[in-house]
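User: I want to learn how the labels on a structure are earned. Take me through one, label by label, and let me ask how you know.

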Amino acid sequence: LRDNRIELVRASWHELSISVSDVSLSDEGQYTCSLFTMPVKTSKAFLTVLGVPEKPQITGFTSPVMEGERMQLTCKTSGSKPAADIRWFKNDKEVKDVKYIKEEDANRKTFTVSSTLDFLADRSDDGAVVSCRVDHESLNSTPQIAMQVLEIHYTPLVKIISSNSWPEEGQSIILTCESKGKPV
């Protein structure tokens, strides 16, 4: 092998070792070691190279969103081999039933994986943290995560609160008008 990334580590009568630096997908394949005796003896091993997924990105969010509007957030990551796994969470609780699309990259070796989270905006979602988590065997159990904080605007609810539920004639009462909406 003529490649300056390949270095001879040890050469003895009993062992021949090489190291490959800056491994790329093209290094995948069958490697053969030959012992030039009579007859020639060979040993073969297949090297599998994993494609590390790029940091995921969430698209489709425009701020703010009105309550009742449909939200479609898409999370995408490229370069994984085999295809990475994408999962969605809202405030650390996993969201199930999401679309998942796997496409082969132009190099025909790695994959772009995307997933779309589709839901109607609700006032309870205001301030919620939505995260997209990418798991892959190349990440050594440390997933890559993209996050988006939701901002939901909603019409106010208005109520009047009395300081006394059963006032008597001659007493004074305080009536408070309370409104909760966003923006304030």
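Analyst: Start with the hairpin: β3 runs into β4 through 5 residues. This is a predicted model, where local features need pLDDT of at least 70, side-chain atom pairs count only at pLDDT 80 or more, and totals for chains, interfaces and linings use all residues. Residues are numbered from 1 along each chain as its sequence is written, and side-chain values use heavy atoms, with hydrogens and water left out.

User: What makes β3 and β4 strands, and how do you know that they pair?

Analyst: A strand is a DSSP run of E, at least two residues long, numbered from the N terminus; a helix is a run of H or I of at least four. Strand β3 spans 29-35 and β4 spans 41-47, so both pass the limit of two. Pairing takes at least two DSSP bridges between the strands. Here there are 7 bridges, in the antiparallel sense, so β3 and β4 count as a pair. One of the bridges links L35 to K41 in β4.

User: What makes the largest pocket a pocket, and how big is it?

Analyst: The test uses a 1 Å grid over the protein atoms alone. A pocket is an open set of points with protein on both sides within 12 Å along at least five of seven lines, while a cavity is a set where a 1.4 Å probe fits but cannot get out. The largest pocket holds about 340 Å³. That volume is the space filled by probe spheres set on the points, which are joined across faces, edges and corners.

User: Which residues line the largest pocket?

Analyst: A lining residue has an atom within 4 Å of a point. There are 14 of them, and L16, I18, Y31, T32 and C33 are the closest to the centre. Two or more residues come from each of β2 (16-20), β3 and β4. Strand β4 gives the largest share, 5 residues.

User: How do the linings of the two pockets divide by class?

Analyst: Ala, Val, Leu, Ile, Met, Phe, Trp, Tyr, Cys and Pro count as nonpolar, Asp, Glu, Lys and Arg as charged, and the others, Gly among them, as polar. The largest pocket has 9 nonpolar, 4 polar and 1 charged residues in its lining. The second largest, at about 250 Å³, has 4 nonpolar, 5 polar and 2 charged. Its lining includes W13, H14, E15 and K41. Strands β3 and β4 each give two or more residues to it.

User: Why is the link between C75 and C132 called a disulfide?

Analyst: A disulfide is a pair of cysteine sulfur atoms within 2.5 Å. The sulfurs of C75 and C132 are 1.8 Å apart, so the pair qualifies. By this rule the count is 1. The angle about the S-S bond is -65°, which goes with a left-handed link. C75 sits in β7 and C132 in β12 (residues 129-135), so the disulfide ties together parts 57 residues apart in sequence.

User: Which strands make up the sheet that contains β7, and in what order?

Analyst: The order is β5-β7-β11-β10, an open, antiparallel sheet of 4 strands. Strands β5 (57-59) and β10 (99-104) are its edges, since each pairs on one side only. Neighbours are turned by 20° on average, direction ignored; each strand axis is a line fitted to C-alpha atoms, and angles between N-to-C directions run from 0 to 180 degrees. In the middle, β7 (residues 70-80) and β11 (residues 111-120) share 9 bridges. Among them, M71 is matched with F119 in β11.

User: Which sheet contains β12?

Analyst: Another open, antiparallel sheet of 4 strands, in the order β9-β8-β12-β13. Its edges are β9 and β13 (144-149). The twist averages 30° from one strand to the next. Strands β8 and β9 are antiparallel, joined by 3 bridges, including the one from F89 to E94 in β9.

User: What is unusual about the backbone at N91, and where is that residue?

Analyst: N91 has a positive phi of about 50°, although it is not a glycine. It lies in the loop between β8 (85-90) and β9 (93-95).
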